[in-house]
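Me: Please take a close look at one part of this model, the ligand site. I would like one connected account of what surrounds the ligand and how the site sits in the chain.

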Amino acid sequence: MRIYKYKNYDEVSKVSAAIVIREMIKNPNIILGLATGTSPIGLYKNLIKAYNEYLISFKDVKTFNLDEYIGIPNDHPESYSSFMHRHLFNHIDIKEQNIHIPSNEIEHIENLAEEYNKKLFGNQRDVQILGIGANAHIGFNEPGSEMSNQTFIIKLSEETRMSNARFFDSVDEVPTHAVTMGIKNIMFSKQIILLAFGKEKADAVYKMVYGKITEDIPASILQLHPDVTIILDEEAASKLDMKSDFLEF
Ligand code: F6R
C-alpha cells in the first residue's frame with residue numbers, strides 16, 4: 001500500500017487524475033473500473049480537461065462501474081448511470097458500447113448480476129478507482145459481506161442510506177438495495193486507486209490501513225492487494241501515523 005496525503009480535494013483530484021492519465025497514455029486500450037459518489041468527481045473533471053487538451057482519448061477505453069441502485073429507473077437523476085453520464089461520459093469520446101454499469105432491471109436481476117460477473121472476469125481492470133464509505137464499505141460491499149462475493153445484490157445499511165440521502169429529497173427516497181461488484185471482483189484488478197476526503201472517513205481509513213483483515217471492515221482486504229495507492233486529504237489521513245506526506249507498507 002502506498003498512501004499519499006495532500007492538502008485538499010483539489011490536490012487529491014489532480015494527483016489521482018495524473019496517475020490515471022499516465023496509465024491511459026501508456027495503454028490506450030485501458031480497462032477502467034469506475035466509482036460514483038463525491039470522491040471521484042474532481043478526478044473525472046481532470047480527466048475531461050486532459051481529454052479537451054488532446055492528452056488522452058477514450059475512443060478505445062472500456063469502463064466497468066462498481067455498482068448501481070435497485071428500485072430507481074436508469075434515467076433517474078441519481079441512478080449511477082445518470083451520474084456517470086453527467087460527470088464523465090457525456091464529455092468524452094467513449095463509445096456507448098464500451099460503458100458497463102451493472103443493470104438493475106429487477107425481473108432479471110440474478111441473471112444480469114451473473115452476466116456482469118462474466119464480463120468482469122473477461123475484462124480485468126487495469127485501474128480500479130474506489131471511494132470508501134464511513135463504515136469502510138468499498139463498492140457497496142457493506143460490513144459483513146463475504147470476501148469471496150462476486151457481483152451480487154445487497155441490502156444497503158442504514159448508515160449508507162443516511163449518508164447518501166444528501167443526493168435525494170429525503171432518506172426515504174434512497175433505494176434500500178443495490179447491485180454491486182463483490183470484493184472478489186474488486187480484487188481482480190491490476191491496480192487500485194482509492195480516494196478519501198473529510199474527517200468522517202478518518203476512522204474507516206485508519207481501519208483499512210491498520211485494522212485486522214475482516215469482513216466487518218470490507219476495505220481491510222486491500223491490504224492483500226499487490227498494487228494499491230490511497231490518496232487522502234489531510235482530514236481523511238488525520239488518524240494515520242504519518243510523519244511525512246507519504247507512507248508505504
Ligand atoms: C460508489 C461506491 C461507494 C462510494 C463510497 C464513498 O460507486 O461504490 O463505495 O465510493 O460510498 O462515497 P463518497 O465518495 O460519496 O463519499
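**The ligand site**

Reply: In this predicted model, the ligand is surrounded by 13 residues, and the closest of them are Ser-39, Asp-67, His-137, Gly-139 and Lys-201. By residue class, the shell around the ligand consists of 7 polar, 3 nonpolar and 3 charged residues.

Three side chains can be described by their distances to ligand oxygen atoms. Asp-67 places a polar side-chain atom 2.6 Å from an oxygen atom of the ligand. For His-137, a polar side-chain atom lies 2.7 Å from a ligand oxygen atom. In the side chain of Arg-166, an N or O atom is 2.8 Å from an oxygen atom of the ligand. The protein buries 93% of the 410 Å² that the ligand exposes when taken alone. The space that the ligand takes is the largest pocket.

As for the chain that holds this site, its secondary structure comes to 7 helices and 11 strands. The C-alpha trace spans about 50 × 45 × 35 Å along its principal axes. The radius of gyration of the protein chain is 17 Å, which agrees with a compact globule, because a globule of 249 residues would have a value near 18 Å.

To return to the ligand, Asp-67 and His-137 are both among the closest residues of its surroundings, and each has a polar side-chain atom at a short listed distance from a ligand oxygen atom, 2.6 Å for Asp-67 and 2.7 Å for His-137.

Methods
Residues numbered from 1 in each chain as written. Predicted model: local features only at pLDDT ≥ 70, side-chain atom pairs only at ≥ 80, totals over all residues. Heavy atoms only, no water. Near = heavy atom within 4 Å. Polar contact = N/O pair within 3.5 Å; in protein donor to acceptor, adjacent residues only side chain to side chain. Areas by Shrake-Rupley, 256 points an atom, 1.4 Å probe, with all protein chains shown as cover. 1 Å grid on protein atoms, 1.4 Å probe; cavity = no way out; pocket = protein on both sides within 12 Å on 5 of 7 lines; lining within 4 Å. Sits in = over half its atoms within 2 Å of the grid points. Nonpolar A, V, L, I, M, F, W, Y, C, P; charged D, E, K, R; others polar. Helix = DSSP H or I, 4+ residues; strand = E, 2+ residues; numbered from the N terminus. Rg over C-alpha atoms; globule rule 2.2 N^0.38 Å.
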